[in-house]
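Look at the chain as a whole before turning to single residues. The text below starts with the surface, goes on to the interior, and ends with a few chosen side chains.

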Amino acid sequence: MDFPVGIQTFEDIVKYKLFYVDKTEYVYQLGRTKGYYFLSRPRRFGKSLLISTLEAYFLGKKELFEGLKMAELEQKWESYPVFHIDLNSENYSNEDALQLVLENYLAKWEEEYGSRPSEKTVSLRFSGIIERAYEKTGKPVVVLIDEYDKPLTATIDNEELNENFREQLRAFYGVLKSQDRYIRFAMLTGVTKFSKVSVFSDINQLQDISLAKQYQAICGITDEELDTYCHESIEELAKENNTDYADMREQLRKKYDGYHFYKNGIGIYNPFSLLMAFRRKELSDYWFETATTEFLVRLIKTSHLPIEKLSGGILTAQQLNGKIDFKTNPLPIMYQAGYLTITGFDNRTNRYVLGFPNEEVKVGFSEALVPAYIKTKNNTEFDYFDFINDLLDGDIEQFMKRLQTLFANLDYEIMGGQERDFQNVMQVILMLLSTQVSVERHTSDGRMDIEMETDDYVAIFELKIDKSADEALKQIEEKNYAAPFAMSGKKIYKVGVNFSSKTRRIEEYKIESFFHQD
């Protein structure tokens, strides 16, 4: 099977008989009535293919939909003037970039629909084109804008240029409201939802379907679709990697599944990584390897976001949609960009719980955090696999010695010397370790409880700050932290750790071990 990695044109996928998960039922549901829609999804999640499919549908290209769900649903095919704008092709490094991109589209459309000398600005020209297209064809127009926010995300570190592009987009997207009587359908896609862009405040008919239950699977691949369309590909991947179908299916789930775009919704696989794995017959971090995380890591540090909030952070729907400043709370932009996803929903407070979607993202982002949080005095590289090997070998003593040495060598002039810095370093380490060892952690009042579990043992860590290792061990005993593992038959390690905020080191640790018996 040929997989369309990098091919985002629906017509080409049909023409060359490439792999395609049938999403045309969603296209029909969206397009059957007049409407204005916005969809936010992470990069490389199929937004461009969705826009291309909508374009083919509104151009009335019935032949492209033979054998698909659309062919059963649509009985009356019509063709409309379609204005498709893709803002993803430019890097927007200078103030003229957006103007030039828009003018290029407008010049092409003016060749077909004409222009007026009085239309000097891009918004006036776009407005005139829409009106003349309606008058010439007798049909209302369709406007499809792919990656509407690329000029903004590309300049997020340049406030002056970013605001310049905001002003241009306000005027241009405002045409969708002023020319409503000539518009049949409009859809904008992007990664982020910038609330300051007036397209979201001025166009009251714009429907944001990003968190809508009925459209949660409009992009990406579901478990049901994976079984329907990819059974043969999974078998080939399993054979190539010397395993069976069931095991490979589970590996794919852990590696690429886990995105949720609705509270308590279905899991969605990252389509880019999944198709790359099928094409290359190897599991790797395909989506994350193309990511740019430096800006997000800087945001996390400058906003003083506790690392633990990357797994368990809570936001309202408005916050999730970008109603708060991402510079003070980067969780919304991390969700919209695909580094975090919805992992739960608190019905009592109507708030969303966020976390990493899968191993690909968790490992990749954890490693991206290392240079910012674990910088040694002699600038040596942090090799967390040594820590993992200690845990896999059950050598808790060596693990603690290694951890103690690491903290002794951390450059705290760069890191800082607060209790929160100690906790953030520990959280980064735990995120890295938890890819190989089952790790659960709880924090309260400056203390951290950590449980690690392997096939052979359970290690319970109690971390204190400016107290003693004995106090930490005493709490493990008094709180009976080992009780949940009473029937496991595994060896239990109790580890008491004390961190000194004055020396910024692990001052002492003590280890006790036993086989749990009732």
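Accessible areas come from the Shrake-Rupley method with a 1.4 Å probe. By that method the protein chain in this predicted model has an accessible surface of about 23,700 Å². Carbon and sulfur atoms account for 43% of that surface. The C-alpha trace spans about 85 × 50 × 45 Å along its principal axes. There are 64 positive and 83 negative charges in the chain, and the mean positions of the two sets are 5 Å apart.

The secondary structure of the chain comes to 24 helices and 15 strands. How far apart in sequence are the residues that touch? Among contacts between residues at least 6 apart in sequence, 68% join residues at least 24 apart.

Now consider the interior. The chain has 518 residues, and 55% of them are buried; a residue counts as buried when its relative accessible area is under 20%. In soluble globular proteins, nonpolar side chains tend to be buried together. In this model the largest nonpolar core holds 132 residues. Which of its members touch the most others? They are Met187, Leu310, Phe365 and Met452. Helix H23, residues 419-433, gives this core its largest share, nine residues. A second core, separate from the largest, has 36 residues, including Val122, Val175, Ala186 and Leu206.

Met452 shows what such a position looks like in detail. Leaving aside neighbours within four places in sequence, Met452 is in contact with a set of residues that includes Leu391, Phe399, Tyr457 and Phe461. Leu430 and Leu433 are also among the contacts of Met452.

Ser233 offers another case. This residue lies in helix H12, residues 231-240. Is Ser233 buried or exposed? Ser233 counts as buried because its relative accessibility is 6%. Apart from neighbours within four places in sequence, Ser233 is in contact with Met1, Phe3 and Phe278.

Last come the cysteines. A disulfide is a covalent bond between the sulfur atoms of two cysteines. Here a pair of cysteine sulfur atoms must be within 2.5 Å to count as one. How many disulfides does the model have by this rule? The count is zero. Why does Cys219 not form one? The closest cysteine sulfur to that of Cys219 is in Cys230, and the distance is 16 Å, so the two are too far apart for a bond. Both residues are nevertheless inside the protein: Cys219 is buried at a relative accessible area of 2%, and Cys230 is buried at 0%.

Note on methods. Residues are numbered from 1 along each chain as its sequence is written. This is a predicted model: local features need pLDDT of at least 70, side-chain atom pairs count only at pLDDT 80 or more; totals for chains, interfaces and linings use all residues. Side-chain values use heavy atoms; hydrogens and water are left out. Buried means under 20% relative accessible area, exposed over 50%, partly exposed in between (1.4 Å probe, protein chains only). A nonpolar core is a set of buried Ala, Val, Leu, Ile, Met, Phe, Trp, Tyr and Cys residues joined through side-chain atoms within 4.5 Å. Helices (H or I, at least four residues) and strands (E, at least two) are DSSP runs, numbered from the N terminus. Contact means heavy atoms within 4.5 Å. Lys and Arg count as positive and Asp and Glu as negative; His and the chain ends are not counted. The place of a charge is taken as NZ of Lys, CZ of Arg, CG of Asp or CD of Glu.
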